[in-house]
Structures are given as structure tokens and as C-alpha cells.
Amino acid sequence: MAKPEYHLFNCTQRRPDGHPRGSCAGKGGEAMFDAFAQALIQRNLLGRIALTSTGCLGPCQAGANLLIYPGAVMYSWVEPADVGPIVEQHLLGGEPYAEKLTPTELW
């Protein structure tokens, strides 16, 4: 595999229902992962962009969370509908998608 231009870390941490921190899986993290996988396949970006399912990224209260390198850009409250704008604006356009950036008090 060639060195990717971007690496997406998609939180799919699952905790039991009622856990005080909640979990990204319980807030759509797995659906987000599937949406990113499909978007990357459809746009033929799999060689340029790596997608990895991860455990906890930290701000559980703001899940589902996505972390993108380079740049250490964190997105929170991400839903499958946000995948297209993140791919187009951030990954292809080079500008973070401001609507879902994690607030500085959380990241």
C-alpha cells in the first residue's frame, strides 16, 4: 500500500447501554464507517485515503467522532449525511468542514 494522503480514524468504540461515557458505536460510528468506506470506493480514493476503525478517541459525549491526519483534525457528532461534505471539502478540497469540527473545549 502506498503512503496515503490522509488517514481517517473512525471511532467505533462500543460500551454497554447506560455507560456514563456512552460510545460512538451507540451514536452511529459504525454507520459512519460504512458510509466513509462506500464514499471512498465510489470516488476511487482507496489508494489515496486510508480508513481505520478505532477505539475511543476521547470526546465520547460528542460522538460519533472522526480524526483525520495529517493535521489532527477532529470531527464530532458526525452522521452518515456528513460524509460527502467531509470527503469533498476536506479530503479533496483541503479545507476542514467547519460544521462538524470538534469544539476546542473538547479537543
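A residue is termed buried when its relative accessible area is under 20%, exposed when that area is over 50%, and partly exposed in between. On this scale, Arg43 is partly exposed, because its relative accessibility is 31%. These assignments refer to a predicted model.

The protein contains two helices and four strands, which follow one another along the sequence in the pattern β-α-β-β-β-α. Its radius of gyration is 13 Å, close to the 13 Å given by the globule rule for 107 residues, so the protein is as compact as a globular protein of that length. The C-alpha trace spans about 40 × 25 × 25 Å along its principal axes. Of the 107 residues, 42% are buried. Among contacts with a separation of 6 or more, 61% are accounted for by residues 24 or more positions apart. The protein exposes about 5,600 Å², of which carbon and sulfur atoms supply 54%.

With regard to charge, the protein carries 8 positive and 10 negative charges, and the mean positions of the two sets are 6 Å apart. Four salt bridges are found in a search of the whole structure. Among them is the pair formed by the side chains of Arg43 and Glu88, with an N to O distance of 2.6 Å. This pair links distant parts of the chain, as Arg43 lies in the loop between helix 1 and strand 2, whereas Glu88 belongs to helix 2 (residues 83–92), 45 residues apart. Glu88, like its partner Arg43, is partly exposed, with a relative accessible area of 41%.

A further salt bridge joins the side chains of Arg48 and Glu5 at 2.9 Å, N to O. Here too, distant parts of the chain are linked: Arg48 is located in the loop between helix 1 (29–42) and strand 2 (49–54), and Glu5 in the segment before strand 1 (6–11), 43 residues apart. Arg48 is partly exposed at 35% relative accessibility, and Glu5 is likewise partly exposed, with a relative accessible area of 42%.

The side chains of Glu30 and Arg14 also meet in a salt bridge, with an N to O distance of 2.7 Å. Glu30 lies in helix 1 and Arg14 in the loop between strand 1 and helix 1, so this pair ties together parts that are 16 residues apart in sequence. Glu30 is partly exposed, its relative accessible area being 35%. Arg14, by contrast, counts as exposed because its relative accessibility is 52%, which lies over the 50% cut-off.

Methods
Residues are numbered from 1 along each chain as its sequence is written. This is a predicted model: local features need pLDDT of at least 70, side-chain atom pairs count only at pLDDT 80 or more; totals for chains, interfaces and linings use all residues. Side-chain values use heavy atoms; hydrogens and water are left out. The radius of gyration is taken over C-alpha atoms; the globule rule is 2.2 Å times the number of residues to the power 0.38. Buried means under 20% relative accessible area, exposed over 50%, partly exposed in between (1.4 Å probe, protein chains only). Contact means heavy atoms within 4.5 Å. Accessible areas come from the Shrake-Rupley method with a 1.4 Å probe; for residues, only the protein chains shown count as cover. Lys and Arg count as positive and Asp and Glu as negative; His and the chain ends are not counted. The place of a charge is taken as NZ of Lys, CZ of Arg, CG of Asp or CD of Glu.
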